[in-house]
Amino acid sequence: MSKKINLKIDGISVTVDEGTTILQAAKQLNIHIPTLCYHDDLCIAGNCRVCVVEMKGSRTLPASCAMPTSEGMEIMTNTLKVRTARKHIIDLLLSEHNAKCTTCYKNGKCELQELASESKISTESFIDLVPHKNYQMDSYSPSIIKDDSKCIRCQRCVRTCEELQHVSALSVAYKGDKMKISTFFENPMFEVVCTNCGQCVNRCPTGALVERNYLDEVWAAIYDPDKHVVVQTAPAVRVALGEDLGLESGVIVTGKMVTALRRLGFDSVLDTDFTADLTIMEEGFELLTRLKKALVDKDPNVKLPMATSCSPGWIKFIEHTYPEYLGNLSTCKSPQQMFGALAKTYYAQKKNIDPSKIVSISIMPCTAKKFEADRPEMRSSGYKDVDYVLTTRELAIMIKQAGLDFSALEESHYDSFMGASTGAAVIFGATGGVMEAALRTAYEVVTGREVPFDGLNITPVRGMEGVREASVKIEGTTADWKFLEGAELKCVVAHGLTNAKKVMDSVRDGKSSYHFMEIMACPGGCIGGGGQPIPTNAEIRRKRTEAIYAEDSGMKIRKSHENPEIIAIYKEFLKEPLGHKSHELLHTHYKARARN
Amino acid sequence: MSYTNLKRVDLIFDQDCNPKEIIKNTFAKNNDQIVNELLESGLKGRGGAGFPTALKWKYTAEQPEPNKYIICNADEGEPGTFKDREILFKVPQKVFGGMVVCAKVIGAKEGFLYLRGEYRFLLPELEAQLAKFHADLKDLKIDFKIKIVMGSGAYICGEESALFESMEGHRGEPRNKPPYPTVSGFRSKPTVINNVETLVYAFMICMHGARKFKELGTADSRGSKVFSISGDTPKAGIYELELGMTVEQFVDDFGDGDTKAVQVGGASGFCVPRKKFKETIIGFEGVPTGGSMMIFNSSRSMYNVLHNYLEFFEEESCGQCTPCRVGCQQLIKGIEAVKKGQKHANYLEHLQKLAQTMKITAKCGLGQSVANSFFSIVENFKEEMIY
């Protein structure tokens, strides 16, 4: 048991565990201390100084986020001294900040704006420093826009990029008044190791880092009478969208979202889950094929472990960091891109629509998907497969712009076809989900029986541990798969690129013998994606994950290969997994990129 | 008024000693004896902050962690300070001697000397001296090694925790405290970090005993101190003087007869105006100093002096914390605006309140001490700020 510490905050006694900070202790007493650089997911910086408090016996006002409690401590959070200092600090931040709030993308969602409003800073008491700065705007990336004039140097993005993602595309440059958050040689984010994961965007308190939005483009397409606008929605969007529209975290809003999309004017509302199921078919067979090549044909060129390829942040990470392992990536496109390729081929043919008239939109929990859609490889339909990618946040903005009362909307179903899905596809949205979905199908393909886990729930691959390992013993194989009899399929799941790095290092150093790796760039998987509603923390991600699994257990069909529309597309169009058509439309290749 | 010379002391630069011998004798004592002698002497850190040296060593010695470090802070960057350069140039063996004694007390096997980037010219000689020192230790069968690490020119890296960050290969930014270096310093291990001069005094106390040191100075400021004297003085240079003198006595000795103000402790120190010379003691009971004494005569504009200091801080702030990064910019832009008449003179009061906030909320000593020169110059030379 840890040591207990007794202290007083604003005259109220409280007992806390040793190591608790003043900020955490105050939270226990429901005393709110404002913060800016602090973030639940990140290490303590203590650099904004907004959270300073008065401590009896101390000449200085310590930052409550960084100061550990000690026995007999007396803290005052609300004295005139604290108030004056805090107001000064917020005022100083404003003097360096381009405070054109009404035209800022984060207007109404900015933590600095909120603090300034709370402090009622009515006149600018300090000299405006913005005209003296040579602030730069980096708007080259298809995913993320970085506007230094909005930056308050809290370094949340720097810590995110380093601690959670081990990418360090963003770091601190220069010192003193010239100190700024920058990239390698101040190159545009587009040209550095940035994976476009958007985790920095999720944690930026101001409008300094935001997604590149395509709202105007999408509205224009919707109102273009010549265009047939198809929209797909990723699994993780339905468990988070509500947060930006006044609902609690973890509320499933699939039905309302579908209605909202129709009301916005999309011609066809379809589901990325359909191609998630398709991914399982293609990727599952790809894995089994690689295993056969390795075990039966003894082909020395086969690359194992095979890694999932659904997460475009992870793809760009491996392209920069472990280019020698590109052969280990599944060649499957992500569900978004499979969908895009089919929308302008299979869908167009079946609906008898000229593919040049189709505008394909996707709603994603992700900023990296914007980059992915722009990759030159992603034009196998003969057109840009996915025209515009919107984040969950952008969809929420559109719903508000259209004046829809979201919580009052009736629920409705996706259009058919390419709208049917399974529980296996839904769980793509959570870390471990792709692995679980793949195992549900692959196991059944080789044994003819369901995976031997309670009610199809493969719990060892679920959860929030950064790296999770599981192994599945394959027994009672059917005639075609005898070579796998008795084999132990070793799997690993990682989320967040720092964990991805751990797994890749162990693979590189020969310390592990995995067959299959599921890697997602974002903490928690797509439910914690860089395009999801802000804020994010472990609790919010847990609630979204619970919602994902609840949606899965509520589905009638929970295995990808049982999706009737999947059965139909193979019958009518693709013929077989890994077939000629699949290779043309559903598979891709990768490119090595520089390490800076 | 009689014109008197202050008492010169010769502890630091005294060449009439055998460092190897002192080490040998000191290693014959037990650690408690050494710490008690140091405690008895009343030696406080000579970098400026004035923490009792014996306690720093004692707290670090008490840590159960087996790996500990002694670091000599030779990142002498305070404007107007150049005494560590002289010490390292003239008596490096005494600096190393202080380090090995500290290593014995705390149980360190490794020491580092963090040398200011601009002092690279000292490096070849220091390395040669270090080789000799290591040879001496080998003779004495003492297991301890010192490595010299070069700084890269940032003032902030003289702040102890920023110095650790720099040594670990990171950006030089001060850490949150606590934990203090005695608990978690370099590589997160218990670390003693001492100024160059402090280590030499500690070594001299080992040689002469506490009494000789204690005889000098006052109750709060024991011993002597090396001063870097510059500005409007006919006798600019390095002087070792007894602590406890008043600014008046100092000016009598070193002024040019027309001294208007003395900046004690560099840009981060205090400006003492003529009217306060008599009552101000140079030492921990009055104005503490890391050694920088800048003398200004009546030809100098104190507005320019302050502007110069603020420019220095604006550039040398690491930039991480708001009060220091933005506060420095506001102070400098603010005094410029008042001087140009763009802001009313009472804007200075607003800036003083800001300086007060910086003093109590900045993350490290740099940001906190900007207020020292700002207050003492603005308060005492207000008319020069406005007209």
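**Exercises on a predicted two-chain model**

In this model, 29 residues of chain A are in contact with 29 residues of chain B, where contact requires that the C-beta atoms of two residues, placed from the backbone, lie within 7 Å. The model is predicted, so that local features need pLDDT of at least 70 and side-chain atom pairs count only at pLDDT 80 or more, whereas totals for chains, interfaces and linings use all residues. Residues are numbered from 1 along each chain as its sequence is written, while chains are lettered from A and ligands numbered from 1 in the order in which they are written.

**Exercise 1.** Describe the side of chain A that touches chain B.

Step 1: The largest share of this side, 8 residues, comes from helix H2 (residues 80–96) of chain A; helices (H or I, at least four residues) and strands (E, at least two) are DSSP runs, numbered from the N terminus.

Step 2: Sorted by class, the side of chain A that touches chain B has 15 nonpolar, 8 polar and 6 charged residues. Here Ala, Val, Leu, Ile, Met, Phe, Trp, Tyr, Cys and Pro count as nonpolar, Asp, Glu, Lys and Arg as charged, and the others, Gly among them, as polar.

**Exercise 2.** Find how the axes of helices H4 and H8 of chain B cross, and which residues meet.

Step 1: The axes of H4 (residues 83–90) and H8 (residues 196–208) of chain B come within 9 Å and cross at roughly 50°. Axes are lines fitted to C-alpha atoms, for helices over the stretch in contact, and angles run from 0 to 180 degrees between N-to-C directions.

Step 2: The crossing makes H4(B) oblique to H8(B), because angles under 35 degrees count as roughly parallel, over 145 as roughly antiparallel, 65 to 115 as roughly perpendicular and the rest as oblique.

Step 3: From H4(B), B:Lys83, B:Asp84, B:Ile87 and B:Leu88 meet B:Val196, B:Glu197 and B:Val200 of H8(B). This contact has 4 nonpolar, no polar and 3 charged residues.

**Exercise 3.** Work out which strands stand at the edges of the sheet E5-E6-E9 of chain A.

Step 1: The sheet is open, has 3 strands in the order E5-E6-E9 (chain A), and its pairing is antiparallel; two strands pair if DSSP finds at least two bridges between them.

Step 2: E5(A) and E6 (residues 144–147) of chain A pair over 2 bridges, and A:Met137 has A:Asp147 in E6(A) as its bridge partner.

Step 3: E5 (137–138) and E9 (209–211) of chain A each have a single partner strand, so they stand at the edges and one side of each is left without a neighbour in the sheet.
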